[in-house]
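Visitor: I'd like a close look at one part of this model: the loops, with any odd backbone geometry in them. Start wherever you like and show me what each spot connects to.

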Amino acid sequence: MTNTAGLVVVTGGGGFIGGALVASLRKQGCQNIRAVDVKPFDHWYQRFDDVENLCMDLNEKSTCDVAARGAHDIYNLAANMGGMGFIEKNKALCMLSVLINTHMLQSALKQGASRFFYASSACVYNGDKQKTFEAPSLKEEDAYPALCEDGYGWEKLFSERMSRHFREDFGLYTRVARFHNVYGPWGTWFGGREKAPAAICRKVVEAKAKNKHEIDIWGTGNQTRSFMYIDDCLEGVQKIMNSEILEPINLGSSEAVSINQLVDMVEGIAGIRLERKYDLTQPQGVNGRNSDNTLIQKYLHWEPSISLQAGLEKTYSWIHDQYVAREKGAAGVVREFVTS
Ligand code: GKE
């Protein structure tokens, strides 16, 4: 049962998944929420004025003490990240997120927090197991021996282990999930940090709006991935926080597609067919990746199940509206300010 009484702290609360988690907790009746993000408030994706919103840099240990003060639950979703276009070009910045997780764990312990959730990633998986385009289903044990995605993946694997040892050595209740490419409305869709589903939706919207019947695709388009809709992610995060699952666990869809198939689906939603230009100079990451959900099924009798088609329809229409709003001069991302 989601804790709706004690203070719930969401770091990265101004971002995609963090903002969506705050919105979901509010809907579940949680009235004691603190959202923390380093982004200035007018860059928060979603912000609610019946939530304690703090704009602070959690790389600093002292600010983590402020963020964790009085917390019952801490969802640590703060990280300097993005899609392949960002993490391949900012490996040191991605690794510096280790400061956030380290300081938040120390502050959680010092401030007596009851539960701590850490958001890890499919980028921890061994690259040698992701060489084929046949979307290998990655089991949790495939993270070892370690050969993570450079920069970002290593930080995530290291922080997974620190979360585990804070539990084993200091008794802090920690839970860890490995997210597999989360997408949906209120996510990053332009500016360089966007992941493939949002990027492809934006490019199709732009091509249609500008009557430019072509689309740039990074790589050969044969790369395969599974993409998890935000609502499944939020449900999974809370199920895992409330569970007895002690090891890091996959939280991802098991519906793998190639990037070419992803473009087919978005074109289908937009009712358009575009000429494809493949750019082999752009970041491509691993060739193939999918989530093996045997373990989460065993523990929770549940797995992410919102179909890519259904998720893309909502994401495409949201990005379309954002694009139109921006073309009309609105400041890029239309934010939801909820006044109680
Ligand atoms: N971002 C992006 N933008 N990717 C594109 C594009 C485009 O316009 N066109 C094709 N792709 C291809 C990329 O080259 C890559 O092969 C695939 O789509 C997925 O790219 P992605 O969504 O940016 O990120 P990845 O799944 O490769 O990696 C991400 O995995 C997440 C966990 O599943 C990481 O960047 C992190 O966001 C995170 O760890």
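**Loops and their surroundings**

Guide: Let's start with P145, which sits in the loop between β7 (137-138) and α6. Keep in mind that this is a predicted model. The peptide bond joining Y144 and P145 is cis, with omega at about -10°.

Follow the chain out of that loop and you get to α6, residues 152-170, which lies across β6 (115-121) and β8 and runs at about 155° to β6. Helix α1 (residues 16-27) also lies across β8, along with β1 (7-11), β2 (33-37) and β5 (71-76), and its angle to β1 is about 160°.

Those strands belong to an open sheet of seven, with parallel pairing, in the order β4-β2-β1-β5-β6-β8-β13. β4 (52-55) and β13 (249-251) are the edge strands; each has a single partner, so one side of each has no neighbour in the sheet. From one strand to the next, the twist averages 20°. At the β13 end, three bridges tie β8 (residues 173-179) to β13, the two running parallel, and A177 stands opposite I249 of β13.

Now for the next loop. N181 lies between β8 and β9 (182-183), and its phi is near 35°, a positive value in a residue other than glycine. N181 also takes us to the ligand: 24 residues surround that molecule, and N181 is among the closest, together with S121, K203, P283 and Q284. By class, the shell splits into twelve nonpolar, seven polar and five charged residues.

You'll probably want the backbone contacts. One ligand oxygen is 2.7 Å from a polar backbone atom of P283, and a ligand oxygen is 2.8 Å from a polar backbone atom of M84. On the nitrogen side, a ligand nitrogen is 3.1 Å from a polar backbone atom of E194. As for burial, the ligand on its own would expose 700 Å², and the protein buries 98% of that.

Which helices help build the shell? Both α3 (84-87) and α7 (196-209) supply at least two residues, with α7 giving the most, three residues. Carry on past α7 and you find N211, in the loop between α7 and β10 (214-218). N211 isn't a glycine either, yet its phi is positive, at about 55°.

So that's the tour: a cis bond between Y144 and P145, a positive phi at N181 and another at N211.

Notes. Residues are numbered from 1 along each chain as its sequence is written. This is a predicted model: local features need pLDDT of at least 70, side-chain atom pairs count only at pLDDT 80 or more; totals for chains, interfaces and linings use all residues. Side-chain values use heavy atoms; hydrogens and water are left out. A residue is near a molecule or strand if one of its heavy atoms lies within 4 Å of it. A polar contact is a pair of N or O atoms within 3.5 Å; within protein, one must be able to donate a hydrogen and the other to accept it, and residues adjacent in sequence count only if both atoms are side-chain atoms. Accessible areas come from the Shrake-Rupley method with a 1.4 Å probe; for residues, only the protein chains shown count as cover. Helices (H or I, at least four residues) and strands (E, at least two) are DSSP runs, numbered from the N terminus. Ala, Val, Leu, Ile, Met, Phe, Trp, Tyr, Cys and Pro count as nonpolar, Asp, Glu, Lys and Arg as charged, and the others, Gly among them, as polar. Two strands pair if DSSP finds at least two bridges between them. Axes are lines fitted to C-alpha atoms, for helices over the stretch in contact, and angles run from 0 to 180 degrees between N-to-C directions. Contact means heavy atoms within 4.5 Å.
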